[in-house]
Amino acid sequence: MNDTQIALEVRDVHKAFGEKKVHSGVSFELHQGEILGLFGGSGTGKSVMLREIIGLEKPDQGSILFEGRDLTTLTEWELFPVRTKISYVFQNGALFDSLSVEENLAYPLREHTKLSEDEIHAKVERMLELIDMKNSNHLLPAELSGGMQKRAGLARAIILEPKVILFDEPTAGLDPLNTKRLLDNIKKLKERGMTGIFVTHDIPSAFEISDRIAIIYQGKIHVIDTVENIKRSKDPLVQSFVSGAHS
Ligand SMILES: Nc1ncnc2c1ncn2[C@@H]1O[C@H](COP(=O)(O)OP(=O)(O)O)[C@@H](O)[C@H]1O
Ligand SMILES: [Mg+2]
């Protein structure tokens with residue numbers, strides 16, 4: 001794999017909250033075009049890792065390299081454009097309650113682009129089609145099912161066509177049908193070249209859409225390998241995750 005391009009690199013990240021050490025030297029590379037599944041027990045710092053990557057949390061030590069810059073050194077002002085390229089899909093979709101689906105999706109376009117109203121509308125329409133929510137433009141978040149809220153949240157997170165998408169437990173709380181719909185949406189994005197990190201306790205879903213899996217344990221990346229190698233690993237810790245005993 002000599003031609004593997006690195007989309008993002010996390011290098012020796014340390015992070016503690018008071019006495020509580022969360023990361024004690026986390027390092028990994030995210031390849032261009034891959035989905036990296038990230039497993040770890042509850043409270044092992046998966047969400048904190050994603051927040052560090054988009055700069056909502058600063059590591060105490062270490063670097064996060066993206067497009068030739070160390071994101072940990074950037075100011076809020078410098079991070080603003082970075083957040084159009086690295087997007088975070090919040091657990092519940094995090095839609096604005098008082099805005100319709102269309103207004104929710106249009107929001108990042110109004111905030112970050114100079115597109116005309118017609119162009120914004122056309123883009124929102126295309127996005128709604130992608131997530132199987134055509135004709136939902138005028139609904140309010142409260143009028144959507146949980147599955148639709150998550151898909152609308154996904155659509156809003158990707159409408160600026162980010163290079164890297166961070167998913168924090170996107171299938172949590174979804175029934176099998178809605179899980180499948182969401183995974184199908186993510187697969188479509190992957191076919192278009194999306195790169196992403198998929199944090200989850202949902203091992204079957206992660207195996208289905210990931211290229212590689214990383215397991216975070218005791219503040220470090222315990223293992224990072226292809227889905228096939230993870231599945232046939234003899235390492236007891238890896239096996240406990242694969243069998244679902246460790247979530
Ligand atoms: N802002 C914060 N202040 C203090 N402790 C935090 C903060 N954010 C996360 N933590 C702690 O860091 C640990 C890792 O949290 P988190 O990344 O949310 O875990 P998970 O792997 O379940 O996503 C937890 O013990 C959590 O309580
Ligand atoms: Mg979490």
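1. Within helix α6 (residues 176-191; helices are DSSP runs of H or I with at least four residues, numbered from the N terminus), Asp184 and Lys180 sit four residues apart, about one turn of the helix. The two form a salt bridge (a side-chain nitrogen of Lys or Arg within 4 Å of a carboxyl oxygen of Asp or Glu), with the closest N and O atoms 2.7 Å apart.

2. This is a predicted model, in which local features need pLDDT of at least 70 and side-chain atom pairs count only at pLDDT 80 or more, while totals for chains, interfaces and linings use all residues. Residues are numbered from 1 along each chain as its sequence is written, and side-chain values use heavy atoms, leaving out hydrogens and water.

3. The structure holds eleven salt bridges, and another of them joins Lys85 to Glu67, with the closest N and O atoms 2.9 Å apart. Lys85 belongs to helix α2 (residues 76-85) and Glu67 to the loop between β4 (61-66) and β5 (69-70), so the pair ties together parts that are 18 residues apart in sequence. Glu67, Lys85 and Lys163 are linked in a network of salt bridges.

4. Turning to the ligand, an oxygen atom of ligand 1 is 2.9 Å from an N or O atom in the side chain of Ser47, and another contact places a backbone N or O atom of Val48 2.9 Å from an oxygen atom of ligand 1. A nitrogen atom of ligand 1 lies 3.3 Å from an N or O atom in the side chain of Arg51.

Terms used: Chains are lettered from A and ligands numbered from 1 in the order in which they are written. A polar contact is a pair of N or O atoms within 3.5 Å; within protein, one must be able to donate a hydrogen and the other to accept it, and residues adjacent in sequence count only if both atoms are side-chain atoms. Helices (H or I, at least four residues) and strands (E, at least two) are DSSP runs, numbered from the N terminus.
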